[in-house]
Amino acid sequence: MSIASAQTVIARGVRVEGDFKSQGNVTIEGELVGSLTCGGHLTIGAEALIEATVHADEATVSGAIQGNVTVKRRLELKATARLKGDIVAETTAIEPGAAMEGLMKIGGGAKGVEKAREVPAAAPKPIPKPGEVVINTPEAEA
Amino acid sequence: MSPTFAYVYDAVLSQGGAAKDVLRIETEVGRLGIQGPIFREGFHDVQGSLSQAIKEGSKNIVFVGSDIWFLQWVPWFAKQTGISIGFLPVEHSPLSRALGMPLGGAAVGILAARVLKVMDLGTVNGRPFLTEAIAPQTSARLEFEGSYAVRAKTPGPLAIQNFAIQPKTGEVISVPTDGQLEAVLQTPIERSALFGMWKKTEIEETRIAFTRGVVSDAGNPVQLLVDGLPVTGKEVVFDVLPGVLPVIVGPDRLFG
C-alpha cells in the first residue's frame, strides 16, 4: 500500500527491510534492503547503503546503491555517489567523482523511461470455438 | 437552556480553589445562551447520564477540566456518532493551545461559535487514542503496511503520533487531520574524531507516515504510554481511524 507523506526520513542507524513505498518525498541516511518506490523526490545521503530496486520521480544520490534505478525525471549523482546497477532516467547530472557500474539509458521522454523498463506482453491466446478443446502444453505454447 | 449543549466537569473542579473559575465559565455560558445539563465526575454516573442527554438532543458535549482527564474520555468519544466534542481547559497546556482554546470564560465564546474540525483517531490494539503513544527507550521492530520492517541498531525513544505538539515551541508536529499516523524513532549515533579522543553523541530522527503498523520486540513485552495511560503487549498493533471525531476549535489553533 502506498502512503501519502509530506516527508519520510530514514535516519542513520536505522535499517529498513522489505518493499518500501511512499507517495511523498523520502530521505534515506540509513540502510534499506528490498525495493524502494518514491512518488516524490528521493534523497540518498552520503552514508546511506541501499540494496534495492529503486523507482523515483526525481532523485539526488550521494550514497551507495546496489540495484537498478529508474527515475522518471531528473537523476543527480553527487561526487560521493556509488551505483552498481542499471540506470534509466529522463535527465541526469553527474558530479566529478561519482562512480557507477552498469548500463545507462537517458532521455526519450516519459514514455521512453517507461518503455525502457517494459516487459514484452505475451501473445493473446485464441478464444476456443464452441465444442473445441484447447490443450495448453509447452509444445502448444511454442 | 440550550438543549444541544451538555457539560462534564472534571472532579478537581469540585475543590475549593476552582470555584471562581467555574463561576466565570457558568456566567459566560448563561450570557451566551448555551446552557445545558451539567454532570460532575464523582457525583454522577456520568457515562449513563451523557447517553441519556444525547438521546434527549444534546449535540455538543463539552469537557471542562485538565487535558490529561479529557484524553481519558477518548475511547468514549470514539463510540459516539452525531455529536461534537468541546474542551474547555482550566490550565494552560500544549493540547489547549493546539486546539486554540484559551482558559475558562474566554473559551466559551469559541464553544458558542462551534467551528468544527473533524479529527483522526489512532488505535492501539483496538483502543482509540488522540495524541500519541510513547516508549521512552526501545529496540522494538516496527512493521508497516504488512510490507516492510524498520529497526534501529541502538535503543532509543519511539513515538507513534496522531496529534503531537512540540512542548517547547507549541508547534504541531503531527497533524490530526491527515488520515495517517507518524512513527518517530530517535537513534543515538556516536561520532568520534582525533583517533577516538573526541566523541559526541548525536540524536538522529527517523519519521515514517503509515496507516497500519505493528510494534514487537522479539517476544518481550512492549510498554507504551498512550494518551498518558500505560499499555503493554507482546505485539502492539496501530491503526488510524481517519476523520471520525468532530471537535470544536478556536481561530488561534495551530493546525489547518
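How many positive and negative side chains does chain B have, and how far apart do the centres of the two sets lie? Chain B has 22 positive and 25 negative side chains, with 1 Å between the centres of the two sets. For this count, Lys and Arg are positive and Asp and Glu negative, while His and the chain ends are not counted; each charge is placed at NZ of Lys, CZ of Arg, CG of Asp or CD of Glu.

The model is a predicted one, in which local features need pLDDT of at least 70 and side-chain atom pairs count only at pLDDT 80 or more, whereas totals for chains, interfaces and linings use all residues. Residues are numbered from 1 along each chain as its sequence is written, chains are lettered from A and ligands numbered from 1 in the order in which they are written, and side-chain values use heavy atoms, with hydrogens and water left out.

Chain B contains six helices and 18 strands; helices (H or I, at least four residues) and strands (E, at least two) are DSSP runs, numbered from the N terminus. The C-alpha trace of chain B spans about 75 × 35 × 35 Å along its principal axes. Of its 256 residues, 49% count as buried, where buried means under 20% relative accessible area, exposed over 50%, and partly exposed in between (1.4 Å probe, protein chains only). Among contacts (heavy atoms within 4.5 Å) with a separation of 6 or more in chain B, 65% come from residues 24 or more positions apart. The surface exposed by chain B is about 11800 Å², and carbon and sulfur atoms supply 54% of it; such areas come from the Shrake-Rupley method with a 1.4 Å probe, and for residues only the protein chains shown count as cover.

Chain A has two helices and 11 strands, and along the sequence its strands are followed by the helices, in the pattern β-β-β-β-β-β-β-β-β-β-β-α-α. Buried residues make up 36% of its 142 residues. In chain A, residues 24 or more positions apart supply 5% of the contacts with a separation of 6 or more. Its accessible surface comes to about 7900 Å², with 55% belonging to carbon and sulfur atoms.

Two residues illustrate the interior of chain B. Met119(B) sits in strand β5 (residues 116-124) and is buried, with a relative accessible area of 0%. Not counting residues up to four places away in sequence, Met119(B) touches a set of residues including Leu99(B), Leu130(B), Phe163(B), Val247(B) and Phe255(B). Ser96(B), in helix α5 (residues 94-99), is likewise buried, at 1% relative accessible area. With the four places on either side in sequence left out, Ser96(B) touches Phe87(B), Pro89(B), Glu91(B) and Met101(B).

The two chains meet through 21 residues of chain A and 22 residues of chain B. The size of an interface is often given as the accessible area lost when the parts come together. Here the buried area (the accessible area, with a 1.4 Å probe, that two parts lose on being put together, summed over both) is about 1700 Å², and carbon and sulfur atoms give 48% of it. Glu17(A), in strand β2 (residues 14-22) of chain A, is partly exposed at 41% relative accessible area. Apart from residues up to four places away in sequence, Glu17(A) touches Val33(A) of its own chain together with Ser147(B), Tyr148(B) and Ala149(B).

Over all chains there are 16 salt bridges, a salt bridge being a side-chain nitrogen of Lys or Arg within 4 Å of a carboxyl oxygen of Asp or Glu. Three salt bridges cross the interface of chain A and chain B. Glu202(B) and Arg12(A) form a salt bridge, at 3.0 Å from N to O. Arg12(A), which counts as buried at 11% relative accessibility, also pairs with Glu47(A), the closest N and O atoms being 3.9 Å apart. Glu47(A) lies in the loop between β4 (31-44) and β5 (49-61) of chain A and Arg12(A) in the loop between β1 (7-10) and β2, so this pair ties together parts that are 35 residues apart in sequence. A network of salt bridges links Arg12(A), Glu47(A), Glu202(B) and Glu204(B).

Within chain B, Asp217(B) and Arg151(B) meet in a salt bridge of 3.6 Å, N to O. Asp217(B) belongs to the loop between β15 (212-216) and β16 (222-226) and Arg151(B) to strand β9 (residues 148-152), so the pair ties together parts 66 residues apart in sequence.
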